[in-house]
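I opened a fresh page for this model. My notes follow in the order I looked things up.

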Amino acid sequence: MIYLDHNATTPLRPQALEAMLPYLRERWGNPSSPYRFGAEARSAVERARARIAEALGCQPAELVFCGSGTEADNLALRGAAQALRGRGNHIVTTAIEHHAVWHTCQALEREGFRVSYLPVRPDGVVDLDALTASLCPETILVSVMHANNETGVIQPVERIAALTRERGIVLHTDAVQSAGKLPLRLDRLGADLVAFSGHKLYGPKGAAALYARQGTPLAPLITGGDHERGLRAGTEHVAGIVGFAEAVALASAEVEAEAQRLGTMRDRLERQVVAAIPDAAVNGAAAPRVPNTSSLSFRGIDGESIVLGLDLRGICVSTGSACSTGDPEPSHVLLAMGVPARTAQGSIRVSLGRETRTDHVDATVQALADIVERLRGISSLGGEAA
Amino acid sequence: MDDEPGTEEQGLPEMAGPVIYYNETVLEHFVCPRNVGQLDDQETDGFGLVGDPICGDQMKLWISVRDGAIARIAFRSFGCPGAIATSSMLTELADGKTIEEAKRITDDDVVEALGGIPERKRHCSLLGVRALQAAISDWERRRAAGDGRP
Ligand code: FES
């Protein structure tokens, strides 16, 4: 199997697994228990918190452990919106957010908040003029993702932070697709709330975190105890948190070298695809992107058919986010970038990772060329402009 | 997973990514679709073009009619795996049938012949059926206009 869907999930690093095992086997105590057996689990959680804080440049007390990136996004958006409700009811986000943010904003609209969904430019970067223009005295929260899950396009979070900070607006960013792929320094990014997840960076599923800058107003979604400073009640997933911290520390140590390696391979992939396959395009290529992600469009054929064709040859890629698999509508991200619906429909996402080697890339391009040709042979759009 | 205990009986919503859950017959028709292509103008007695406004998939279908039966059938599809496989199966079912029999082919017949299809992909099977009906109507129109073959 050639796995090129690392934006969906990544394999657990052996070191993370090793770090987790003691907390699944002998040290299974509850971190809230009053005896030393509990304290052992408690100190594992706090050591993990300190490791992540150290690796990403924040205070340990600014990290709230959650069960998933989606939960961290929910805590950020719903938690800040609720805490700030007295100050205003306007939220600003973008048209290219992951469902975790998008659908949560829609839910907040049903609760009476007004949400602006900002357009992006054709290169996939949010329009900063539109963002500035959208801010008003009622704006309490801005949420702009750090790197897009489909295109990998990086949003100018630091510049957005400059705009929100001077207006006293809380800024959230979904960094699920950038953490582990870019050198991430939470103290320099400027966002008040940052969501990131373990299983996207070779840690376990079920462990994620929300960074909440000290002093950021936030109400809990889950109540029932003092866990996570009252922001997320529930017995901690000790082993998961330990494995998450291990993965974050390892990813941070190697992020620059790995980004370089992946970027070179991604560029090779895109060069070969465009050279070998007529009417192929790379989406978002004009913007800065995380180095592992490639969004490719092929005229006249359907992306799901490409994905299945590759799957039957043992190659895993996706059409968009794993969460929208089977969704018959074309990607909202590509549509927002102005990609025509037909072209968006013929798009796939290839995301490389730690185990990816050059020969995987070459084999994938070869298979892709075959499949695209075969599907175009079936396509009713054969000779026409799509 | 297919063999997850209890899933079927409890009638839980299908967890399926459609990609993973096509059965072997569907996959086989996706990989080797039957009757792909198009008929040239002399051979074409009926042509149908239909699209699905939601997913954007599209299908073209040609029939050649001899003595009131479908003598040749061909299709092209801009489509998802479901559209390709169901269209392929539809052409197999329709090939050689009399026009009256062909008119009675439903999307359920196609899905049944394939041994089932993920729920989210059921609408794909309508594409071929509608295209066939459109092609038959076209044939009927041509005959009424005096330039169709019987
Ligand atoms: S998804 Fe619409 S025809 Fe298959």
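I read the elements of chain B from the N terminus and got α-α-β-β-β-α-α-α-α. That is six helices and three strands. The model is a predicted one, and I kept that in mind throughout.

I then checked burial in chain B. Of its 150 residues, 49% are buried. I also looked at contacts in chain B between residues at least 6 apart in sequence. Among these, 62% join residues at least 24 apart.

Next entry: the interface. How many residues does each chain bring to the contact? I found 27 from chain B and 25 from chain A. The two chains bury about 2,200 Å² between them. Carbon and sulfur atoms carry 59% of that area.

I looked for charge pairing across the interface. The count between chain B and chain A is one salt bridge. Which residues form the bridge? I noted K121(B) with E304(A), the closest N and O atoms being 2.6 Å apart. For polar contacts between chain B and chain A, I have 13 residue pairs, both residues at pLDDT 80 or more.

I listed the elements that give two or more residues to the side of chain B that touches chain A. The helices are α1 (18-21), α2 (24-31) and α3 (81-94) of chain B. The strands are β2 (58-66) and β3 (69-78) of chain B. β3(B) gives the most, with four residues. I sorted the residues on this side of chain B by type and got 16 nonpolar, six polar and five charged.

Cysteines came next. A disulfide would be a covalent bond between the sulfur atoms of two cysteines. My search over all chains gives zero disulfides. I looked up the exposure of two cysteines anyway. C80(B) has a relative accessible area of 3%, so it is buried. C316(A) has 21% relative accessibility and so counts as partly exposed.

I went back to salt bridges, this time over the whole structure. The search finds 30 over all chains. I took several in chain A one by one.

The first note is on D123(A) and R121(A). They form a salt bridge with the closest N and O atoms 2.7 Å apart. Is D123(A) buried or exposed? D123(A) is buried, because its relative accessible area of 15% is under the 20% cut-off. R121(A), at 39%, counts as partly exposed.

Another note is on D187(A) and R185(A). Here the closest N and O atoms are 3.5 Å apart, and the pair counts as a salt bridge. D187(A) is partly exposed at 42% relative accessibility. R185(A) is partly exposed too, with a relative accessible area of 31%.

Then I turned to R268(A) and D362(A). Their salt bridge has its closest N and O atoms 2.8 Å apart. Where do the two residues sit in the chain? R268(A) is in helix α8 (residues 238-276) of chain A, and D362(A) is in helix α12 (residues 358-378) of chain A. The pair links distant parts of the chain, 94 residues apart. R268(A) is partly exposed at 29% relative accessibility. D362(A) is partly exposed as well, with a relative accessible area of 26%.

My final entry is a network. Salt bridges link R42(A), E46(A), R49(A), E228(A) and E236(A).

Key:
Residues are numbered from 1 along each chain as its sequence is written. Chains are lettered from A and ligands numbered from 1 in the order in which they are written. This is a predicted model: local features need pLDDT of at least 70, side-chain atom pairs count only at pLDDT 80 or more; totals for chains, interfaces and linings use all residues. Side-chain values use heavy atoms; hydrogens and water are left out. Contact means heavy atoms within 4.5 Å. Buried area is the accessible area (1.4 Å probe) that two parts lose on being put together, summed over both. A salt bridge is a side-chain nitrogen of Lys or Arg within 4 Å of a carboxyl oxygen of Asp or Glu. A polar contact is a pair of N or O atoms within 3.5 Å; within protein, one must be able to donate a hydrogen and the other to accept it, and residues adjacent in sequence count only if both atoms are side-chain atoms. Ala, Val, Leu, Ile, Met, Phe, Trp, Tyr, Cys and Pro count as nonpolar, Asp, Glu, Lys and Arg as charged, and the others, Gly among them, as polar. A disulfide is a pair of cysteine sulfur atoms within 2.5 Å. Buried means under 20% relative accessible area, exposed over 50%, partly exposed in between (1.4 Å probe, protein chains only).
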